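Trainee: Could we go through this model together? I would like to know how each label is earned.

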Amino acid sequence: MAKDGDAGSDPNPTDIYTSDHMNDHPVRPPAADRIADSVPAPGQTAPVGLPTDMPPPTGPGLSAPIPPTAGWADRDLAIRAIGLTKRFGAHTAVDGINLTVPTGSFYGLLGPNGAGKSTTLAMAVGLLRPDAGNIVVNNLPVWPDPTPVKATIGVVPEDLLLFERLTAREYLTYVGRFRNLNDDQIRERSGDLLKALDLELAANKLIADFSQGMRKKISLAAALIHSPPLLILDEPFESVDPVSQRSIRHILDHLIDRGRTVIFSSHVMATVEELCDSVAIMDEGRIVRAGPIGEVTAGRRLDDVFAEAVGTDLVGPPSLDWLQ
Amino acid sequence: MTDVMTTNGTAGASPGCSQSRRGRGEPINWGTVRSIAGLKFRIIRHTPQAIIGMILGLLLGGFLSTGIVGLIIGLAENEHRGSILTFGGALGLILWFLAPLVLGGGELILDLRTLAVYPLNRPTLLTGLLLASTIGIPFIFSLLVPLTAISHATSSITAVILVVAAVQLAVTGVLAGRVSVGLVSLLATTRFRSVAGGITVLAAITLGIGAQIVSLAAIDIKPDWFDNARSVIRLFPIGWTPEAMAQASLGQPIRALLFLLLGSALPLVLIGVWQRVVQRLLDGEAAQSRLTRSKPLVPGWMDRLSDRRTAVVWAKSLRTIRRDPREWTELAAFLPLVLAFSLPTLTQLNEREPNLVLMPFLAAVSGATMVSTNLFGGDANRFVTDVFPGDDFQPILVGKFLPRVTLVAIIVVVANIGLAWFMGGWRFLPVALVLVVQSLLIGAAAGVWVSIRSPIPLPEKVGGFNAANAGCIAPLFQILALFVADTVAILLGAPAVLTALAVSPWMAVVVAVVTLVPTYLMVKRRIAAEAVNAGRRIPEITVALTRRT
């Protein structure tokens, strides 16, 4: 899809497995059929759409609302957060942020260590209850009950959260079962994913014996097995070797081509600049820049914009003569 | 309450305040319930230490259960059978509350944080976790042993009540275990993690003391004691279901039904508490402790005592021990052992026995051995920041075991002085203290030997205090080291003890010092040799500490 955020909004996204780049597997049924297995049926939960006239949050400590970016107003939103806040004791990790992620976008969440990226993503995927604010994912409110949202997303969390004493294949089997896939689907999809992520030879090894990069890849496989419309990844490329990074990028690109949404956090500007069509830069719990990458950078390099946004001293650190 | 905007644009309660409505009316997905239970079974299959634990549990549980079952069946005509059933049932429930804290608990196998990623509704998740909790030896015995009380049935009605009560008792037990582990896990993920560690230690100590009291009671028990105990126990919720069994056993079906009904309140309350605990864990309470800062627990001057590496490691170890509940929980685990040694003797005495003042060196050697057998356990990946290949390992070893052994020394010396005051054996105190020092040295050497050969990574997971991730060799090494250290301490201490008893306590001091000097030199040489050995084994130790479990 184009990087300016104007494409990829296919209302019926096809499954990632239809890609002829992925191991030449035969074309399989559309993703909607597979996702239907895991998404709660209408009536089971109460999916609440985000009204367009939702007033902006007010109150002390809340960021000023970010006006909708031009070009996004007519698109569906995968994520919309309003006044999202999380405090840890006296420290405010996320400070009333407003975040809008259009459906079909490849969205990068940037920020220095401790900026609040992981905390924001954890609240978006239902792993951390916000103290204030609201977040709607795939047109479902995440809180108070994140279960319906969890059915519509794939997550690679910061801590990976794996069952270490399972083999890779067993792990995918149980994840598939938790995602309500049938045994045939699980077998087929796990085989494909293990192959695509170059984990076939390690399929019957315990995850406890995996390297960090392999753990990341099996976590990504688990996040993809139910073919979710939205993938949320916390530092997906960290500790992953270049060859595997390439495989992962390939898979993510194809997800975007099929109209899925990918949001990930990263410190690596080059990766974000190369992959993402939209970015948000966080600093000290607030979003300091957000929008299509072309608008955010305005022709400059992303790392320059980032440094400016987070107030880094571009001159560099004080003299470290003692290192000479 | 924080006002936030709800999706319909009106101000409402904060997200967490709507939890109580969650889960109502949601259907249980039985396929997922089976998967959760199957997941635990699968994980156990891949965990050798869990399998060995189950086999040992089966043997030990089978051995104990055979005796208890025989007792229950044999009591069929005994007039005190009701009291004994009430006491035994309540005791079983207390064990369910305490034992999982000490033994690690099932949540370490099925980590809730890992399950939190998946779209499992609360009824399904809770049912799955409950079913998974029944996979294991404790539940099997908790169900089967009370069922043998059916032999007391006087009619078909009382037989049915006994069966229902036995099942209710077992289910209550499982829930009690989940609630106690869940609460401690919740505490452990907040700023109250020290409290969680304290509760775990208290549970261990309570179990240690409880085991002694029960064994002492069994020696000289009078049936009236059970009758008195029953009259108290049945006033409390943990006594209601056991009392239903007692009443059924005595042929009182109406009273039995009444207590059975009352007893059903406890599992219902426990389910409610457990639901809330699970929900809080799923909602990310774990993150609350992320930015908790510890105040300096060791004064700064300690770091400046010396620029030698030993002092640096010593101060760092002391800080770690005091800040990390996993560390001091492990250290405190030796207390029940000391109690197990001392309580029976002390409680059996009818008069003062000054000679006992000589004995605390046995606690010292056991304590020093136990606290030193896992010097690198809490280091995990940090281990590599302390050591480098070719480095002199001795300062690290000494710096690590010294604070631990010092803590044992303080406890044992205080206990020894207390014993001298209580027993009136002040004259034995000097030689006793020399023996304590000697025993601490022996214990430390034995502990260091194990630490280097079988390091055990302490669990890093949320709520993990005593995960059974030690491997199956480590406990064998520990037992061997304990046996050897105790034997050596007794052999080396015997001349001084005999001299104190047969000749003179002051002469015994001379004898003790005469053995202490070569012991110190031998231990010093041993530690130096172990340091060289440790330097060679850095890769193996690193692998052992960083392997994931």
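Mentor: Gladly, and keep in mind that this is a predicted model. Helix H12(B) is followed by Gly284(B), whose phi is positive, near 90°, so to speak our signpost for where to begin.

Trainee: What makes the span of helix H12 of chain B close to the expected one?

Mentor: The expected span is 1.5 Å times one less than the number of residues. H12(B), residues 265-282, has 18 residues and reaches 26 Å from first to last C-alpha, close to the 26 Å expected.

Trainee: Why is Trp274(B) called buried?

Mentor: The label requires 20 or more other C-beta atoms within 10 Å of a residue's own. Trp274(B) is listed as buried, so it meets that cut-off. The buried residues of H12(B) also include Leu270(B), Val277(B) and Leu281(B). In chain A, buried residues make up 52% of the 324 residues.

Trainee: What makes E6 and E10 of chain A edge strands?

Mentor: The open sheet runs E6-E7-E8-E3-E9-E10 in chain A, with mixed pairing. E6(A) and E10(A) each have a single partner strand, so one side of each is left without a neighbour in the sheet. Neighbouring strands here are turned by 15° against each other on average, direction ignored.

Trainee: How do you know that E6(A) and E7(A) pair?

Mentor: Pairing takes at least two bridges, and these strands have four, in the parallel sense. Val156(A), for instance, has Leu233(A) in E7(A) as its bridge partner. Helix H6 of chain A packs on the sheet, touching E6 and E7, and its direction makes about 170° with that of E6(A).

Notes
Residues numbered from 1 in each chain as written. Chains lettered and ligands numbered in written order. Predicted model: local features only at pLDDT ≥ 70, side-chain atom pairs only at ≥ 80, totals over all residues. Buried ≥ 20, exposed ≤ 12 C-beta atoms within 10 Å, placed from the backbone. Helix = DSSP H or I, 4+ residues; strand = E, 2+ residues; numbered from the N terminus. Axes fitted to C-alpha atoms, helices over the stretch in contact; angles between N-to-C directions. Contact = placed C-beta atoms within 7 Å.
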